[in-house]
Amino acid sequence: MSHGPERHPASLWRDTAGAAPTVPTAPLPPHADVVIIGAGYTGLWTALHLLRADPTLDVLIIERTSVGFGASGRNGGWASALFPTSLSRVASFSSPEAARRMRRAMIGTVDDVATWAAEEGIDCDLTKGGTVTVARNRAQVDTLWADVAEAHTWGDTDDDLSFLDAHATAAHVRIPGTLAGSYTPHCAALHPLKLVHGLALAVLRRGGRIVEGVTALSYARGVVSTDRGVVTCGAVVRATEGFTARFDDHHREIMPIYSLMIATEPLSDAQWAEIGLPRRETFTEQRHVVIYGQRTADGRLAFGGRGAPYHWDSDVDAAHDAHPRVHTGLEQTLHELFPSLAGVRITHRWGGALGIPRDYMPFVRFEDGIGEAGGYVGDGVASAALAGRTMADLIRGESTDATTLPWVGHRGRDWEPEPVRWLEANGMLAGLGLADRREAATGRPSRIAAALYRFL
Ligand SMILES: Cc1cc2nc3c(=O)[nH]c(=O)nc-3n(C[C@H](O)[C@H](O)[C@H](O)COP(=O)(O)OP(=O)(O)OC[C@H]3O[C@@H](n4cnc5c(N)ncnc54)[C@H](O)[C@@H]3O)c2cc1C
């Protein structure tokens, strides 16, 4: 736990968010009603919902570096209804009815983020334009079709997720070789760091305290030990996602995986006329190794993907935020998707760590005065808002629709010790990359991918 402040490559978001909120420099208080470790979306939404419900609560957030330093300040800005594990898997942990409620809660959360942000006066360039997914080989078409059909068996209708032919897909985005697509309205594109800044200001305005530059070393019922002393509390919330492995007692709970991003300079109207995305739809291709993009409010393409290696023993370090091979691969993919961008300048390259639980099932827990939430994989922008609201309800002892969702109280098993963890993470990455290349070459669904998914 001896990690000092780190330097990491400036993201597009950092260069365009404006000034960071002024967090008053204050000594670490000896006590608070609730101490939250980590000032990302999970910690900030938890604090905000606590203070909205009970302004008399003394809520303290301690942050190792600065507000929004983690994935919350660097992500792709999809506030989506995506959930990282299938509904049948969710049902296997709970019940089919609970899985359907989880899906509806995620859909509702996309609008909640917009509503809550508006209520708090947060301008984060949010536009709810939905998501378009393209399929560019037969295998991708089959998977896309199966995904839409599966979603409909769980209660989705075409208004939630619809299959599109190539012509209908082109109304959203024009990508060469597109055979088919799907569209869901349940996603908003936003500026992730503006959201973080707005949340921090809202927490401060409502009387919450944030102390930056404090590292929690361990936590237990009623007490958080930090590098600047001990704080006692009525409740503690761990909201450290991709950094959780740094706690010795929780080292194998959440695997940090890097997702990397690039951004272009602002594009011309003529370039946007060729690309599409008229409603600022977020976009992706039906690949196994995830890619994602958004048209930013200032007219750029912000584009990212997985593919960066897992680092031995769940290491998280600013040095991993840049990976020349993966960043170059992202540029090549962007040019492949949008050939009209040849010659367009890439102004930013950055990355960050997201968190993956062993069973890919996110969780919100509050037991014996200790709250823990996260494991969102790459879908934490909206999920963390729901998790924060749920955590606030749990801490206050309220029984609500949120506190009976199937991720509440969920506890999966830990990741394997090294070297198995390294082998499974990097083996999965290599296998899924190979599956994508095979599917592109043959048009047939990859048996490698099917085998790997069974392993999850
Ligand atoms: C490049 C990238 C793109 C992504 N794109 C999307 C997307 O488009 N849509 C989506 O839904 N999700 C996306 N995600 C995932 C999403 O960003 C995360 O799931 C979400 O931000 C997690 O929020 P959090 O508050 O739980 O964690 P974080 O934002 O990581 O915050 C954790 C905070 O805890 C602090 N901290 C850690 N350890 C300590 C300690 N010991 N003491 C004190 N403080 C500590 C950290 O400094 C950090 O600020 C992406 C992630 C990345 C990295």
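Visitor: In this model, in which loop is the place of Pro 419?
Guide: The model is a predicted one, and in it a cis peptide bond joins Glu 418 and Pro 419, with omega at about 10 degrees. In general, most peptide bonds are trans. As for its position along the chain, Pro 419 belongs to the loop between α10 and α11 (420-442).

Visitor: Where is the place of Arg 280, a residue that is not a glycine and yet has a positive phi?
Guide: The phi of Arg 280 is about 60 degrees. Most residues other than glycine have a negative phi. Arg 280 is found in the loop between α8 (269-275) and β13 (282-285).

Visitor: Why does Arg 280 count as partly exposed?
Guide: A residue is buried if 20 or more other C-beta atoms lie within 10 Å of its own, and exposed if 12 or fewer do. Arg 280 falls in between, and is therefore partly exposed, because the number of other C-beta atoms within 10 Å is 19.

Visitor: Is Tyr 360 buried, exposed or partly exposed?
Guide: Tyr 360 lies in the loop between β16 and β17 (363-367), and it has a positive phi of about 60 degrees although it is not a glycine. Because 16 other C-beta atoms lie within 10 Å of Tyr 360, the residue is classed as partly exposed.

Visitor: What is the radius of gyration of the protein chain, and why does it agree with a compact globule?
Guide: The C-alpha trace of the protein chain spans about 60 × 45 × 40 Å along its principal axes, and its secondary structure comes to twelve helices and 18 strands. For 456 residues a compact globule would have a radius of gyration near 23 Å, so there is agreement with the value for the protein chain, which is 21 Å.

Visitor: Of the contacts in the protein chain between residues at least 6 apart in sequence, what percentage join residues at least 24 apart?
Guide: As a background to the contacts, 52% of the 456 residues of the protein chain count as buried. Among contacts between residues at least 6 apart in sequence, the share that joins residues at least 24 apart is 77%.

Visitor: Which helix gives the largest share of the largest nonpolar core?
Guide: The largest nonpolar core has 130 residues, and those with the most contacts inside it are Val 34, Val 35, Leu 44, Leu 199 and Val 203. The largest share of this core is ten residues, and the element they come from is helix α10 (residues 380-395).

Visitor: Which residue of number 395 is in contact with Val 34?
Guide: Leaving aside neighbours within four places in sequence, Val 34 is in contact with residues including Leu 50, Leu 57 and Val 59. Its contacts also include Cys 233, Gly 234, Ala 235 and Val 237. The residue asked for, also in contact with Val 34, is Ile 395.

Visitor: How many residues of the shell around the ligand are charged?
Guide: The ligand is surrounded by 44 residues, of which the closest are Gly 38, Gly 40, Gly 70, Gly 76 and Gly 380. Elements that give two or more residues to this shell include α2 (41-53), β12 (254-264) and α10. The shell divides into 18 nonpolar and 21 polar residues, and the number of charged ones is five.

Visitor: Which residue in the turn of the hairpin formed by β14 and β15 has a positive phi?
Guide: Strand β14 (residues 291-295) and strand β15 (residues 301-305) pair in the antiparallel sense over five bridges. In this pairing the bridge partner of Ile 291 is Gly 305, while Tyr 292 stands opposite Gly 304. Five residues lie between the two strands, and the one in the turn with a positive phi, of about 80 degrees, is Gly 299.

Visitor: In β15, which residue is the bridge partner of Ala 263?
Guide: All five residues of β15 are buried, with Leu 301, Phe 303 and Gly 305 pointing one way and Ala 302 and Gly 304 the other way. Four bridges join β12 to β15, and these two strands run antiparallel. The bridge partner of Ala 263 in β15 is Ala 302.

Technical notes:
Residues numbered from 1 in each chain as written. Predicted model: local features only at pLDDT ≥ 70, side-chain atom pairs only at ≥ 80, totals over all residues. Pairing = 2+ DSSP bridges. Core = buried A, V, L, I, M, F, W, Y, C linked by C-beta atoms within 7 Å. Contact = placed C-beta atoms within 7 Å. Near = placed C-beta within 6 Å. Nonpolar A, V, L, I, M, F, W, Y, C, P; charged D, E, K, R; others polar. Rg over C-alpha atoms; globule rule 2.2 N^0.38 Å.
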